[in-house]
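Here are some short exercises for you to try with the viewer open. Work through each task yourself before you read its solution.

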Amino acid sequence: MLTEAGCRARRAQLWKSVPSAVEWLLIADPRHVLYLTNFWIHPNTFSSGERCWLLLEREGKATLLGDNFSLRSRAADPFIDDEVMVQWYDHQHSVINRDHALLKAAEQIADRLYGRNGVVEAEWLAVGAFELLGLDHEQHSVKREAKDLHKPGAVDLGTTLRALRRQKHPDEVAVLKECMRAGEAGMKRLREIVRPGISEFEIFCEVQKAATEAAGRPATIYGDFRAASASQPKVGGLPTNHKLENGEMFTLDYSVVLEGYRSDFTNCLTVGKPNAEQQRLFDLVSAAQRNGETVLKAGTRASAVFNAVNQPILEAGLADKFAHHAGHGIGLAHPEAPILVPQGDDVLVAGDVVTLEPGLYVDGIGGIRIEHNYLITDTGYERLSQHEISLT
């Protein structure tokens with residue numbers, strides 16, 4: 001779980017990132033509400049997919065807005081000062097439109113916002129809320145006396161929060177490490193069961209069980225659970241009922257999500273003993289990953305990381321078989337900045353959590369991808385994922 005100290009530190013950073021004339025912020029992206037308060041509606045509850053809004057006021061007050069079922073479906077106690085709860089369902093009467101209940105909660109705090117400069121997370125805010133609060137639809141702010149708020153795009157709250165999210169705080173890293181440990185358990189279980197005749201779906205069920213048991217609580221599992229072959233070297237997506245055949249290469253590229261945060265790592269196992277060409281592909285992607293690690297540190301351009309990962313593959317004459325990014329950021333989303341691509345503008349910063357995931361997909365041989373997760377520091381990195389990467 002996130003900590004109170006971490007949530008308050010992130011709120012303080014946010015206030016430093018917006019103009020001093022801004023007196024209040026209305027945040028609507030559920031990931032950002034979590035990031036700033038530790039409020040999260042678990043996807044395995046009845047209120048899955050619902051949301052609450054967060055009002056932050058410059059003097060420090062944090063208020064959650066929502067209906068009674070959403071607010072009571074929280075995965076843990078949030079670090080807030082107040083909540084505005086609107087009754088949506090009482091087991092006695094018909095329910096109203098649940099989105100209207102959220103607007104009713106916003107209506108209860110509207111009076112204390114009038115006449116004060118404020119900014120909203122426009123990408124996630126309903127049009128009804130704009131009308132209710134008298135907001136400017138184009139500028140995402142209340143038009144008052146502060147001239148700096150009247151310039152189109154002067155305050156883009158959603159983009160500001162996404163930028164802040166890159167530099168992970170210690171409590172976020174702690175949750176990410178829990179995701180890693182659960183993911184490693186799933187990878188370990190894969191090694192125990194992969195064999196000719198087992199289906200992709202059976203593998204999914206076993207991996208999910210091992211990862212969830214290691215997490216010690218309900219978790220979301222998603223990713224690629226697919227077998228590649230010489231005739232179909234690049235496949236991905238949810239598992240099917242396909243039964244593994246000798247000579248195929250099974251790729252497990254998956255994430256374990258806990259409280260909104262996620263791991264994302266990969267290994268590829270051969271079904272049976274690897275042949276010489278499969279081993280060659282493995283040796284190349286392993287060299288590519290190691291080469292990428294040599295440039296991982298704050299200040300490195302994303303394009304430079306891609307070039308480092310790509311170098312061994314390029315020298316082997318297989319650059320056209322490396323058909324995707326060299327890695328990406330992870331945290332509350334997947335993927336998120338920085339994206340490690342040849343023409344990327346991103347620059348690594350201390351606190352980024354990124355992946356390195358070289359892959360090769362060659363007709364007549366098969367497809368392989370490997371991946372580790374790293375916390376970027378000023379001088380290098382800490383590798384967060386500890387799963388074994390090998391073909392068998």
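**Exercise 1. A covered helix**

Which residues in H2 are buried? Keep in mind that this is a predicted model.

*Solution.* Start with the extent of the helix: H2 covers residues 30-37, and seven of its eight residues are buried. By name, the buried ones are Arg31, His32, Val33, Leu34, Tyr35, Leu36 and Thr37. Next, look at the two ends. At the N-terminal end, Asp29 acts as a cap, with a side-chain oxygen 2.9 Å from the backbone nitrogen of Arg31. After the helix comes Asn38, which has a positive phi near 75°.

**Exercise 2. The sheet and its helices**

Find the order of the strands in the five-stranded open sheet, then place H2 and H6 against this sheet.

*Solution.* Step one is the order, which reads E4-E3-E2-E1-E5, with mixed pairing. Step two is the edges: E4 (82-86) and E5 (118-120) each pair on one side only. From one strand to the next, the twist averages 15°. Step three is the pairing of E3 (residues 62-67) with E4: these strands run parallel and are joined by five bridges. In one of these bridges, Asp67 has Val86 of E4 as its partner. Now add the helices. H2 packs on the sheet through contacts with E1 (24-27), E2 (53-57) and E3, and its direction makes about 50° with that of E2. H6 (residues 157-165) lies across E1 and E5, at about 80° to E1.

**Exercise 3. Two nonpolar cores**

Which residues touch the most other members of the largest nonpolar core?

*Solution.* This core has 62 residues, and the ones to pick out are Leu14, Leu25, Ile27, Leu56 and Tyr254. Helix H7 (residues 170-193) gives the most to this core, with nine residues. Take Leu25 as a worked case: leaving out residues up to four places away in sequence, Leu25 touches Leu14, Trp15, Val18, Leu54, Leu55, Leu56, Val119 and Leu157. A second, separate core has 29 residues, among them Cys268, Val285, Leu296 and Leu318.

**Exercise 4. The span of H9**

How does the reach of H9 relate to the span expected at 1.5 Å a residue?

*Solution.* H9 (residues 276-293) has 18 residues. From first to last C-alpha the helix reaches 26 Å, close to the expected 26 Å. Its N-terminal end is capped by Asn275, which places a side-chain oxygen 3.1 Å from the backbone nitrogen of Glu277. The buried residues of H9 include Leu281, Leu284, Val285 and Ala288.

**Exercise 5. Buried or exposed?**

Is Asp253 buried or exposed? Work out the class of His324 as well.

*Solution.* The cut-off for buried is under 20% relative accessible area. Asp253, in strand E7 (residues 249-258), has 9% relative accessibility and therefore counts as buried. Its side chain makes a polar contact of 3.0 Å with that of Thr266. His324 sits in the loop between helix H10 (302-315) and strand E10 (328-329). At 18% relative accessibility, His324 counts as buried, because the cut-off is under 20%. The side chain of His324 makes a polar contact of 2.7 Å with that of Tyr361. To finish, compare the contact lists: Glu357 and Arg369 are among the residues that touch Asp253, and both are also among those that touch His324.

Definitions and conventions. Residues are numbered from 1 along each chain as its sequence is written. This is a predicted model: local features need pLDDT of at least 70, side-chain atom pairs count only at pLDDT 80 or more; totals for chains, interfaces and linings use all residues. Side-chain values use heavy atoms; hydrogens and water are left out. Helices (H or I, at least four residues) and strands (E, at least two) are DSSP runs, numbered from the N terminus. The expected span of a helix is 1.5 Å times one less than its number of residues. Buried means under 20% relative accessible area, exposed over 50%, partly exposed in between (1.4 Å probe, protein chains only). A polar contact is a pair of N or O atoms within 3.5 Å; within protein, one must be able to donate a hydrogen and the other to accept it, and residues adjacent in sequence count only if both atoms are side-chain atoms. Contact means heavy atoms within 4.5 Å. A nonpolar core is a set of buried Ala, Val, Leu, Ile, Met, Phe, Trp, Tyr and Cys residues joined through side-chain atoms within 4.5 Å. Two strands pair if DSSP finds at least two bridges between them. Axes are lines fitted to C-alpha atoms, for helices over the stretch in contact, and angles run from 0 to 180 degrees between N-to-C directions.
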